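The following exercises are to be solved with the sequence and the coordinates at hand. Each task is followed by a solution in steps.

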Amino acid sequence: MRIAFFSTESYDKESFDVANTEFGYEIEYFESRLNGRTAAKARGFDAVCAFVNDKLDAKVLAKLASYGVKIVAMRCAGFDNVDVGAAQELGIKIVRVPAYSPYAVAEHGAALLLALTRKLPQACARTKAMNFELGGLTGRDLHGLTAGILGTGKIGRIMAGILRGFGMNIIAYDAFPDKDWAKENGVKYVELEDLYRECDVLSLHCPLMPETRHIVGHAAIQMMKNDAVIINVARGALIDSRALLYALRKGQIGGAAIDVYEGEGEYFFNDWSTKVVEDDVLARLMSLPNVIITGHQAFLTKNALKNIADATLGSLRAFEEGADLVNEVKA
Ligand code: NAI
């Protein structure tokens with residue numbers, strides 16, 4: 001099988017080359033994102049492997065189908081950037097990696113929360129410059145505060161467990177609540193509006209879908225406490241970033257630590273340090289002392305990369321052999 005890889009980073013190549021010693025596939029790694037302009041690179045390949053900011057809309061998928069691509073393997077959990085219905089009509093299978101390491105993602109969320117509440121970026125910048133003053137670095141105990149988990153799937157549950165370990169009270173909202181899990185873990189499900197009102201930390205762990213787009217918008221933020229903080233390691237567009245910026249500027253919210261951003265497609269995974277960033281919302285958010293942004297790195301642990309590579313190539317092998325496609329995404 002010939003596989004065209006898009007959005008390849010050095011760590012993808014390393015982990016897939018190791019995993020591929022067992023499979024022996026012919027892989028060509030492209031650094032470019034997959035979109036209408038670059039889709040032609042997939043000509044002559046049987047499969048495409050893509051990532052979070054590749055664009056797999058109906059047009060791109062039609063091009064892939066015309067080149068004879070039969071399967072697209074997303075090497076990630078989310079698939080909000082894929083028109084799954086169009087793929088189905090075109091006869092292209094879509095597979096993903098539903099759970100490569102929910103620990104990697106939840107732990108990054110916890111790291112962001114601690115970094116934000118204990119002002120670690122400012123503290124580290126000071127000590128690097130041999131400035132050991134503490135003024136302005138006062139933080140807050142997490143112990144005794146209330147964490148609101150929005151989405152209690154694989155990652156949300158692990159985040160709930162970690163925050164429980166800090167001695168936080170855990171409340172949660174999910175469109176499909178698991179009451180047994182909640183009971184066993186001392187978690188209280190509440191209505192969405194109550195989640196916003198009661199939490200000191202709002203942690204987002206639901207998928208991006210039409211009904212969750214901007215689920216944290218102006219109205220939600222207005223319900224939240226002025227010193228509450230928002231953690232987003234799920235998908236950028238769960239938050240209306242303009243509404244977030246407005247609330248941060250007005251002091252209506254305590255801070256935000258995000259690994260994902262709704263306009264990230266243009267910037268994340270690239271070096272913009274010597275270029276002009278035209279996204280004023282991103283630039284302004286970045287300038288605020290109570291905002292931390294990482295560039296979609298929550299998944300990036302050795303464990304997760306190995307699991308992603310093994311599961312992705314495993315799905316392609318299953319497809320080749322006509323076996324059950326357990327990780328298939330259907331419309
Ligand atoms: P999951 O499918 O196990 O859990 C998602 C949960 O959200 C489910 O319990 C589901 O019932 C709930 N949900 C669905 N619709 C909802 C709604 N309208 N309101 C509230 N809850 C709703 O997914 P998992 O593995 O926990 O991942 C969550 C998200 O994290 C993924 O969809 C993905 O977008 C994101 N992610 C981000 C990564 C990163 O590197 N930053 C890496 C991996 C995943």
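**Exercise 1.** In which strand is the place of Ile94? Determine also whether Ile94 is buried or exposed, and list its contacts beyond the local sequence.

*Solution.* The model is a predicted one.
Step 1: Ile94 belongs to strand S5, which covers residues 93-95.
Step 2: The relative accessible area of Ile94 is 1%. Buried means under 20%, so Ile94 is classed as buried.
Step 3: With neighbours within four places in sequence left aside, Ile94 contacts Val72, Met74, Val82, Ala87, Asn327, Glu328 and Val329.
Step 4: A C-alpha to C-alpha distance of 7.2 Å separates Ile94 from Val84, and the two are 10 residues apart in sequence.

**Exercise 2.** Which residues touch the most other members of the largest nonpolar core? Extend the analysis to Val72 and to a further core.

*Solution.*
Step 1: The largest nonpolar core holds 53 residues, and those touching the most other members are Ile3, Leu34, Val48, Leu56, Leu64 and Val72.
Step 2: Helix H13 (residues 302-321) gives the most to this core, namely 7 residues.
Step 3: For Val72, leaving aside neighbours within four places in sequence, the contacts are Val48, Leu56, Leu61, Leu64, Ile92, Lys93, Ile94 and Val95.
Step 4: Another core, of 39 residues, lies apart from the largest one; Cys199, Ala243, Ile253 and Ile293 are among its members.

**Exercise 3.** In what order do the 7 strands of the open sheet follow one another? Identify the edges and examine the pairing of S7 with S8.

*Solution.*
Step 1: The order is S8-S7-S6-S9-S10-S11-S12, with parallel pairing.
Step 2: Strand S8 (187-189) and strand S12 (291-293) are the edge strands, since each pairs on one side only.
Step 3: From one strand to the next, the twist averages 20°.
Step 4: Strand S7, residues 169-173, pairs with S8 in the parallel sense over 3 bridges. Within this pairing, Ile170 stands opposite Val187 in S8.

**Exercise 4.** Where is Asp12 placed, and is Asp12 buried or exposed?

*Solution.*
Step 1: Asp12 is located in helix H1, residues 10-20.
Step 2: With a relative accessible area of 6%, Asp12 is buried.
Step 3: Not counting residues up to four places away in sequence, Asp12 touches Ser7 and Arg75.

**Exercise 5.** What is the sign of phi in Met130 and in His214? State the setting of each residue.

*Solution.*
Step 1: Most residues other than glycine have a negative phi.
Step 2: Met130 has a positive phi, near 60°. Met130 lies in the loop between helix H5 (120-128) and strand S6 (146-150), and its relative accessible area of 64% makes it exposed.
Step 3: His214 also has a positive phi, near 55°. The loop that holds His214 runs between strand S9 (201-204) and helix H9 (218-223). His214 is partly exposed, at 31% relative accessible area.

**Exercise 6.** What radius of gyration does the protein have, and what would a compact globule have?

*Solution.*
Step 1: A compact globule of 331 residues would have a radius of gyration near 20 Å.
Step 2: The protein has 21 Å, which agrees with that expectation.
Step 3: The C-alpha trace spans about 60 × 50 × 35 Å along its principal axes.
Step 4: Of the 331 residues, 50% are buried.
Step 5: Among contacts with a separation of 6 or more, 66% join residues 24 or more positions apart.

Technical notes. Residues are numbered from 1 along each chain as its sequence is written. This is a predicted model: local features need pLDDT of at least 70, side-chain atom pairs count only at pLDDT 80 or more; totals for chains, interfaces and linings use all residues. Side-chain values use heavy atoms; hydrogens and water are left out. Two strands pair if DSSP finds at least two bridges between them. Helices (H or I, at least four residues) and strands (E, at least two) are DSSP runs, numbered from the N terminus. Axes are lines fitted to C-alpha atoms, for helices over the stretch in contact, and angles run from 0 to 180 degrees between N-to-C directions. The radius of gyration is taken over C-alpha atoms; the globule rule is 2.2 Å times the number of residues to the power 0.38. Buried means under 20% relative accessible area, exposed over 50%, partly exposed in between (1.4 Å probe, protein chains only). Contact means heavy atoms within 4.5 Å. A nonpolar core is a set of buried Ala, Val, Leu, Ile, Met, Phe, Trp, Tyr and Cys residues joined through side-chain atoms within 4.5 Å.
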